[in-house]
Amino acid sequence: MESTHFHHDLALLDWQIELGVTEAICDAPVNRYDVPAALEKPKAVAQAPAAVMNMAPAKVDAVAEAERAAKAAGTLDELRAAMTGYEHCDLKKGARNLVFSDGIPGARVMLVGEAPGRDEDLEGRPFVGRAGQLLDKMLGAIDLGRDRQDAPVYITNVMPWRPPQNRDPKPEEIAMMKPFLLRHIALAAPEVLVIVGNWSCQALLGKRGITRLRGTWTEAAGLPALPMFHPAYLLRSAEFKREAWADLQSLQARLRKTKGAA
Ligand code: URA
């Protein structure tokens, strides 16, 4: 037995010398096929951040995210929470408050403004500054009011956060907040919309040009909609109050005509 092993080992050595082996590097033989179990499976490569790997971060589709979040909201409270948690609009970073709405949900009239200003940002309610005071007077002139249980109005804005220095909202900002606005309108379920200002027309009608659009009933979000001058514009250009008054009367006439018809 012993001698068989000896001859076998000698044959192996001869064979290795034939292959060109000139030195032994270990005293004891090493079985290279005997790999420790821990080394067998390649370890999962830890994911380095994209920046470290010099790759562009995966691009988020902010509009698709907004659509998904808005659709999932089944109530106005859920919609407010969804907007509060939405992180893709840069305006949020510079704003003090989310300005969601004011007035009475379920009102026959829903008014859509543009974006909060300084006062609205501080208070977290739309139209509380000078333009808001004029708006309340305008609505009061046709017996409507945001706090009137008998003839309420529900008020919101296209943008829930104040743009820095009251700059115009960017097209991409409008696009990403539009799914929330449409869901807001669907959940508040008004009978008619009043769209004040150019940027609200841009969001809901896809066009601007309030001087041309105002006073003509159209359709937005599947509802009858009346574009009107923005009260902030009327504060600067009082000569257009006549047109604003004509539009308010048109709104009142429509509400009278359809009262009880729904
Ligand atoms: N202008 C708007 O369009 N909305 C507000 O809430 C305030 C001013």
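**Close-up views of a predicted model**

**Figure 1. The N-terminal end of helix H3 is capped by Asp 61.** In this predicted model, a side-chain oxygen of Asp 61 lies 3.2 Å from the backbone nitrogen of Val 63, thereby capping the N-terminal end of H3. The helix itself spans residues 62–72.

**Figure 2. Helix H3 has a buried face and, turned away from it, a face with exposed residues.** Ala 62, Ala 66, Ala 69 and Ala 70 are the buried residues shown in H3. Viewed down the helix axis, the buried residues of H3 fall within an arc of 100°, so they line one face of the helix. An α-helix has 3.6 residues a turn, so residues three or four places apart point the same way. The buried residues of H3 pack against two helices, H4 (76–84) and H8 (171–188). The face of H3 turned away from this buried side carries Arg 68, Lys 71 and Ala 72, which are exposed.

**Figure 3. Eight residues surround the ligand: Gly 113, Glu 114, Ala 115, Glu 120, Pro 126, Phe 127, Asn 157 and His 230.** By class, this shell comprises 3 nonpolar, 3 polar and 2 charged residues. The view includes contacts to both backbone and side-chain atoms of the protein. At the backbone, a polar atom of Phe 127 is 2.9 Å from an oxygen atom of the ligand. Among the side chains, an N or O atom of Asn 157 lies 2.8 Å from a nitrogen atom of the ligand. An N or O atom in the side chain of His 230 is 2.8 Å from a ligand oxygen atom. Taken alone, the ligand exposes 230 Å², and the protein buries 91% of that area.

**Figure 4. The side chain of Ser 101 makes a polar contact with the side chain of Tyr 154.** The distance for this contact is 2.9 Å. Ser 101 is located in the loop between helix H5 (91–94) and strand E1 (102–103). Because its relative accessibility is 14%, Ser 101 counts as buried. Leaving aside residues up to four places away in sequence, Ser 101 touches Pro 126, Tyr 154, Ile 155 and His 184. Of these, Pro 126 is also one of the residues around the ligand.

**Figure 5. Asn 166 and Ala 221 are loop residues with positive phi.** Most residues other than glycine have a negative phi, and most peptide bonds are trans. Phi of Asn 166 is near 55°, and this residue belongs to the loop between strand E3 (153–157) and helix H8. Asn 166 is partly exposed, with a relative accessible area of 45%. For Ala 221, phi is about 50°; the residue sits in the loop that separates strand E5 (218–220) from strand E6 (223–228). Ala 221 is likewise partly exposed, and its relative accessible area is 39%.

**Figure 6. The protein chain as a whole provides the setting for the preceding views, with 12 helices and 6 strands.** Of its 262 residues, 39% count as buried. The accessible surface of the chain comes to about 16,200 Å², and carbon and sulfur atoms contribute 54% of this area. Among contacts in the chain with a separation of 6 or more, 70% are made by residues 24 or more positions apart.

Note on methods. Residues are numbered from 1 along each chain as its sequence is written. This is a predicted model: local features need pLDDT of at least 70, side-chain atom pairs count only at pLDDT 80 or more; totals for chains, interfaces and linings use all residues. Side-chain values use heavy atoms; hydrogens and water are left out. A residue is near a molecule or strand if one of its heavy atoms lies within 4 Å of it. A polar contact is a pair of N or O atoms within 3.5 Å; within protein, one must be able to donate a hydrogen and the other to accept it, and residues adjacent in sequence count only if both atoms are side-chain atoms. Accessible areas come from the Shrake-Rupley method with a 1.4 Å probe; for residues, only the protein chains shown count as cover. Ala, Val, Leu, Ile, Met, Phe, Trp, Tyr, Cys and Pro count as nonpolar, Asp, Glu, Lys and Arg as charged, and the others, Gly among them, as polar. Buried means under 20% relative accessible area, exposed over 50%, partly exposed in between (1.4 Å probe, protein chains only). Helices (H or I, at least four residues) and strands (E, at least two) are DSSP runs, numbered from the N terminus. The arc is that of the directions from the helix axis to the C-beta atoms. Contact means heavy atoms within 4.5 Å.
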